Amino acid sequence: MRGTAFLGDTVMSEGIAVLHHLTQGTQGELDSIPLGADGSFRFTLPGEPDPMRSDIFFASVRHDGVLYFGPMITTVAQLDSAYQVNVYDTLLAPTEGLPVVLQSRSVFIEPDSADWRVTDLFELRNDQSRTIVARSGGYTWRHPMPAGIRDVQAGEGELAGDAAQYLNGEIVARAALPPGGRLFVVRYRTDSPFLSMPVQAGTERLDVLIREPAPMLDVQGLDFMERQEFEAGSTYRRFAGANLAGPAVTIVRTEEITPPRVEWAAVLLALVLTAVGVAALRPRMGPEAAVVTTPDRKELLLEVAQLDEDFETSDPTDRDRQAYEQRRTELLRLIRSLS
């Protein structure tokens, strides 16, 4: 392995490069070497990387107390390319942390026996040219979490550890944040999917995905996008928004309307058609006598019932399903506004 350590845009002429080796169930440091004046280092591997054994090699360099890792080497072909470890000077965050850009947040809510399981993915982006580090007793970044959650586990990527933790209703990170992206994962449980989720102002994208079966609901502050099937039998309702101002998005129950029996639906439809016929036989009013009316609650309920019946007796495409759900949501909102 031949590589070079860079401090920002220039080579790092002082420091130690360390070779690491990961295999299934084991990890360790194999060797270390001082960096050359041109930032170079070279390691002889004990064997060829073997992807069948999940064999991984990589190098690290420490600077200002922060450990920086190079890319993982899993195949022999990767050794033909120049290996690079990038390190940065540090920026000391205030005790309460810095408002790092929240590039995206994805919240997966899934029913699980008597309660709900939530996986909350925070993808941060440090736009500074330096690594943000915490001062003693402080944090690099923090974000409030929903009230009433329990069994909270926080970590980085798929790893739990001390990179982040749940404290006093917030997820707080003490880990250094180098320039670029970093992912934190928070897992927790809740008695109900109807959560009010605090949102950091300036969040560039937020997706809330609720696995079915789930009650009729809406996410205030986000738009319903579509149903997504990630794997066979695993369908999620997806709500999304961009460039959010905060302070929260709230999952609320929408009114559940039971469709009338077929014979009653036919009677109601006949009444509507009769009313339309009578209206057509009435003399036309002049423009000055025209009256603008708004639909009443009964008419809206009837339209929802007819919409449900038509949908249930059809063979809808994904586009038909999305149009149905969007129209049904609009009607229910109108009904609530007339309550």
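**A strand pairing, its sheet and the cores**

Strand 21 (217-220) and strand 24 (248-253) pair in the antiparallel sense over 4 bridges, where strands are DSSP runs of E of at least two residues, numbered from the N terminus, and two strands pair if DSSP finds at least two bridges between them. Within this pairing, Leu217 has Arg253 of strand 24 as its bridge partner. The model is predicted, so that local features need pLDDT of at least 70 and side-chain atom pairs count only at pLDDT 80 or more, while totals for chains, interfaces and linings use all residues. Residues are numbered from 1 along each chain as its sequence is written, and side-chain values use heavy atoms, with hydrogens and water left out.

The pairing belongs to an open sheet of 3 strands in the order 19-24-21, with antiparallel pairing. Because strand 19 (196-198) and strand 21 stand at the edges with a single partner strand each, one side of each is left without a neighbour in the sheet.

Strands 21 and 24 are also among the elements giving two or more residues to the largest nonpolar core, a core being a set of buried Ala, Val, Leu, Ile, Met, Phe, Trp, Tyr and Cys residues joined through side-chain atoms within 4.5 Å, with buried meaning under 20% relative accessible area (1.4 Å probe, protein chains only). This core has 39 residues, and Leu222 is one of those that touch the most other members; strand 11 (115-126) supplies the largest share, 4 residues.

The protein chain averages a pLDDT of 83, pLDDT being the predictor's confidence in each residue, from 0 to 100. Over residues 257-265, however, the pLDDT is below 50.

Terms used
Contact means heavy atoms within 4.5 Å. Buried means under 20% relative accessible area, exposed over 50%, partly exposed in between (1.4 Å probe, protein chains only).
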